[in-house]
Amino acid sequence: MRSALSVILSSPVPDNKMSHPDYEQTAHDHATILVLLKPVGTQIKPKTVDRLCERIIKCGSRFTVTDSTNNQREILARYVRDYPVENTEWGDFQTHRRLLGLITFGKYENQTELNELCRLHETFKVKYVQTLYDSRTILIGPNASEKLSEPPPGFTTPFNFKTTGFFYGDDLCPDLEAQILEFLKGLFYVLDYKRLDRTREKFDKVALLKAPFEEKDFIGLDLESRNNRKRCVGRAIKHLGDLSLQAGLYSDAFNNYTSAVVTLQGVNDWLWLGAAYEGQCAVSAIMLYPNLFRSPPLQRNSSLQESSPGKQRRDSQASTLPISPTIDTVRTAKFQVLAPEDISKRYRDAIVHYSKYQNAGIIENEASFKASRISIEQNCPLQAAAFLNNMFNSIPMPEKEKIDRFTTLAELYTALGFTRKASFCLRHAALHYVSQKNQNPDWQQCYNLLLQTTSGFKLSLDPAEMSPSNRRGWPSIQIQLLNELETAANRMGNPALATRHLTFLLQTMYNYLSVNQRRDAALQLQAVSQQCEGAPVPLVLDSGIVIPPANLTNIPRTKSFVLKNLQPHLQPQKIERVKEDHGPFLFTPINFGSLDRKTISKSKVDYLWVDGDICEVTMQLVNPLPFELHVSNMRLLTNGVVFESIPESISIPAESGPIAVTLAGTPREAGELEILGFSTHCLGVKSDCQLKHVDSMIHQLYTVEVVPQLPKINVETSLPRTASFSSADNIVTSASISLYGGESAECTITITNVGQVPVEMVDISVQSTLDSLTKSKVFRWNEEDLQTQLPLQPQTSASITLYMHAAMDFVVPTSRHGSTGVYPSQPNSLLSHSGPSSLPSRLSSPSHHTKRQSEITSSFRSATNSSTGSSSGAGSSSRLSKLAAPLHASNVVEGQLRIKYSGAAGFGAGYCRVSSVFIAIEMLPSVQITGWDVLPAELPTQFYLVLDVTNMTNHEMELNYATNKRIYMEGRESCRIPIPVDRCPLNKQTLVNGSGNVDDLQKVCAEHIASLTDLNWQLLGTESKGQANLTGLTLTQNMLDLVRMSPLQWEITINEKVFKSQDELKCTLGDCVSVGVGVSNALENPLKNLTLSVNLYQDHHNGVHNYRLDSRVSIAGANKVMLPTLQESGRAYYECRVVFLTIGQYKFDIQCTSREPSLNPSVTFTELSSNAGHTWRYTPPIEIKVVDDC
Amino acid sequence: MAVCVAVIGKDNSPKYIKCVDETNALQFHYKVHTSIDIVEEKLNIGTKTVADNKELFLGMLYSTEEYKIFGYATNTKIKFIIVLQSSNATLRDNEVRMMFRKLHIAYANVVSDPFYIPGDQIKSRAFDSAVSEIMS
Amino acid sequence: MKHQFVDGKSVPGAKAEADECLFEYLHGEIINYVVSKSKESSEEDLSQLEWMGFSVGYRIIERLTREMQRFKDELDIIKFICTDFWNSLYHKQVDNLRTNHHGVYVLHDNEFRLLAKIGKAGSRQYLCESPRLLAFTCGLLRGSLANLGVACTVKAEVTALPSCKFNVEVQRM
């Protein structure tokens, strides 16, 4: 609205320019009597002054007087605490700018002080002498005077002191209000008198009224010109209007203004026309908006420093604020005033006119403020804003005024609800406090104002409110503001605050900062924090404002945050117990706390930490800054149980990462532990980085269950460790050993308690893939031995011996030589497969006997019950091969010795730990039985077990296979050895006879053999020795016959002599040999339908038995008898005679066959097969040599 | 012509701001930012009273000695701000209207881009070039 | 479809018809796709379709209101939806608008374009399947209104083909 016209109309006269703008002015102030309230002297307390001022303002802001014509008038007064004399110079232009009254306050104790107070009062009087009507001084002395207006006894006022004083004895000042009102009325009367004076004057006689800067303009002008006379009159009428307004005659005032407008318009007296417009507006505003006397209270008690000039002004204004709200008179306009919308129009006109004068800038600005206040009252924010926008002109003015202007603008914008504009202005005001033009920069004020701007820029200093989801405002502006806040804080000597703001900047604005800005901010922070380390605690400013803590959550940037389980062997495990404590219900349907757990299940880890144990969290950090970052004192932030964090430090090279860091700590009690985040010390700032404030974290917090203390053990073994072990579960150490099959070894396992609490429970078990039977053979230990060593105090050790045995299957049904490639379907047909050539030379005894005999056996078997025998044989062989296959070769048996242990509180809570020892036993084959058979022994109570034994080692082996019988075998050599074994006694067989199953019988017999035979081997040249057993032999039916003790006891007599098996029989040709066969039943049940037969044959020793001996032998008597029954323990005897017709070797085949009659339907097949078609043979066959007599 | 063009979202956050003089960008940020107050006020009046001005173009928001700031708000409460140099006296309201029209068309195209998520910062080359056209 | 948006007004003609068909075919295919994807669950999940509509509505409204004057109030917006908006999308206006003046608006279209092809008046053959054809439009309405500052829920109702009702319920804060 300003135009170039102003330059033409008035040349700058800086001295006359109003230099103390009063932006607080309202339209209503045009109608007020201006009174200065001034404390004098140093004795009076500011508090007393404040209280007195308040009282004066309350009673004297609006009062009624009766004028000379007995009319009631309402008069307004305005009180200021400070008023520049220069402003009174504008009193002609607008009379409300004149200071009419003065009230001073002072306190004295003695005459000297009183004199000084009087002197000061007089000084003020002189200062404002041009406009002052009257003054009062309120003097508080040591004692009260009888008459208020006279000094108390003993005191006198100086002779030149002409002012009416109120002498009070204390600061209660009882009738102050009345006295002040009296004083004010006095002022009014003077004013009204002057007004009346003016009305009586002729307008055209009045001297030209001038604004201060106008003086020069009128020099040399013809004041008597018609134009100037009109100008004179117009100005005089306007002046009268001012006085009338002050004197409470609103109608008169308005009329005066209106006529002044007409006059002044005619002479283009823009400045005074503007003033007349303003006057119209003021009257109208007072009539229309009586309550707008004072703008809403400004911050009255905001921290005020006496020294700060800006604030002082505010203060002086503030003291004029209160107005009793009871005066709520709604004035109905008794005369025509401007319509509301016309008020702003007039103001706009006035402003336009003012703007034509460069020196009227302040007046113009003040008018704008007044206009905008009216617009706010009219609820026309846009209009108000338009007025305020006019204020952004660049009139050169001192910084202080700019500050004033901007703060006032901010206030008004705030009132409009234009928070952004308000903040914008406040920020300008703040910057002017420290601008280069300002001689005494005040960073404190600058900071305070900047802080007030945050709300308008939607910047909250609480990081929680600046999270990405609810942040608002403009980042670029906010960044600048934060930088300015930091600078101001730093310059005003509060590095803690500066650090806080920079930290905040880096926390909340990180994503909006450019790379360079980040670097700069970080470097700046580093520099600032050297003066004052940042810490995550709220900062309280002097003004009471709290700056919440900020944290460097982005520096370094956290990529991941993962809680770690304890090492497997330290993980607590629930001890499985018989659930006896749980009451009668094994399952309770009430799942305690299940709902809770579900809601937080995401962040609750499914493992446990242990009180007293170091627990870890691994993090991945990234340094986004282009310089190396030192992060020290990193700790975990926790909640819940006591947690002792171990500080960690790390250096991250420039722009690198992710780098892993492990934060550790020790929980110190059992319960629930919450991990909230971590704290850092970086760039000189301590930060609490809560996960919920860190970007892209999965969980806001983690919850871990901490169980009570548990002991810790260290486990060592006496054996060397394995090179590597397969499954690394909770294995702490390992042991390895090589054993030959059947060898045993010991391993001492030492358990050391390395924890803080005693080990009270140890439970040892072995886990392996072996079946439990084999496992129990391979691993054995003495449980009791260990238990006696408990409890194991800290730092003590206990040991346990683990016995290991290489339990192998020594029986391998494969014959190594012979049928290669073809797996034999008949495991026990050893002799038929292995030819004589393969028989080892050292095989001692009955070689050919064996062979021959077995051939009979096999052929016989196939004849009698081929179906059952072959099927069972095949079945067992296949089963055996499956079982034996993994074990017969050299292999490694792996096992884990699980040591479950517990103690202390953790034991009470039902937790334990498991440490495992990995044990690898390499089982090397020692001896192997590749084939076997049974042969009749020399004694009927025994039989020979013939084994093909291979030394699988590379060492020479001594094999001790029976009492006093041993052989030496070279490495990899095979031998055939006969072992005399007692036949399986009947009492063992009876156990199975009931069910009568061949398989069972077979098993019993095999066990019988295994129990009686032990092959003790020793490798010569080494310490190794061991024992091979014969478990796993399979026996065919025929073998069983030999193995088993026969149920029939034979008693053979030859020629009436009892025959013993060792006896050698001889007879001559033609002799009659009498053979008596006695059979007795050793079973407990009768045998039925037995056929006892005696046959003779010749053994050709080539596998051919010749039974057709009709021409060579003649038998007298039946060679076959039937025995219908043979009672238990019963005996049958039968005799026949034999005559040999030719010489040669003959053999008796004496056998007893049972043939159960098939008509018995109840007999099962198994019984048939076991009992029915059975043949018992007397072994060995009796051999008789027939020789020629001659 | 225009020295600064800005798009402001429903929530009054900046979605796009481009200045001719990027070194002095912050100054324009402030100008645009404070103009939101007036835009809001104008929109408020629009809903409260039966204002005859139902145009999307909001006219001049305010002026300084150097600049004139114009506003425009779409029906979807997206605000466009254009800052013009005060010295450029030849510009008429209708020309400013045309600028906003162009800007609105460009913006509608941005929103139609399936890869643009409404509410995000505008990073469209097509929009850039439309803005450059307005500023040239 | 796009063709019309650019022009602002529909020009019935052979060229436009092809464009329109394209939208209908595509819409049909999207329905089939969404329905086939949600086949595993027992209940048909049309929310994805609705969401597509929302997204399209949110974007398209910027273009459709470009030449419009500022809306005075909510009713003004709804009226725009019933007239210009509907016309741009479906070549006809909504036949009937009812409101309780408390935030509930019922838009009645006697011959809704997307239903017109599946049955003559009163046909009940595809009555059960018809919600599929309306989910997209519900979303479209909701998205458009959301961008205009009217948060609401939209339900569609079909009683007799090819007419349908859209029930707009504004959510008051």
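These questions and replies deal with helix packing and a chain contact in a predicted model.

Residues are numbered from 1 along each chain as its sequence is written, chains being lettered from A in the order in which they are written. Local features need pLDDT of at least 70, side-chain atom pairs count only at pLDDT 80 or more, and totals for chains, interfaces and linings use all residues.

Me: Why is helix 5 of chain A called roughly antiparallel to helix 6 of chain A?
Reply: Helix 5 (residues 176–200) and helix 6 (residues 226–246) of chain A pack at an angle of about 150°. Angles over 145 degrees count as roughly antiparallel, so the term applies. Their axes lie 9 Å apart.

Me: Which residues of helix 5 of chain A make the contact with helix 6 of chain A?
Reply: Leu191(A), Lys194(A), Arg195(A), Arg198(A) and Thr199(A). Residues are in contact if their C-beta atoms, placed from the backbone, lie within 7 Å.

Me: What makes helix 11 of chain A roughly parallel to helix 13 of chain A?
Reply: The axes of helix 11 (residues 361–377) and helix 13 (residues 399–416) of chain A cross at roughly 15°. Angles under 35 degrees count as roughly parallel, so this pair qualifies. The axes come within 10 Å.

Me: What is the class make-up of the contact of helix 11 of chain A with helix 13 of chain A?
Reply: 5 nonpolar, 3 polar and 2 charged residues. Ala, Val, Leu, Ile, Met, Phe, Trp, Tyr, Cys and Pro count as nonpolar, Asp, Glu, Lys and Arg as charged, and the others, Gly among them, as polar.

Me: How many residues does the contact take from chain A and from chain B?
Reply: 17 residues from chain A and 16 residues from chain B. The chain A side divides into 8 nonpolar, 6 polar and 3 charged.

Notes: Contact = placed C-beta atoms within 7 Å. Axes fitted to C-alpha atoms, helices over the stretch in contact; angles between N-to-C directions. Helix = DSSP H or I, 4+ residues; strand = E, 2+ residues; numbered from the N terminus.
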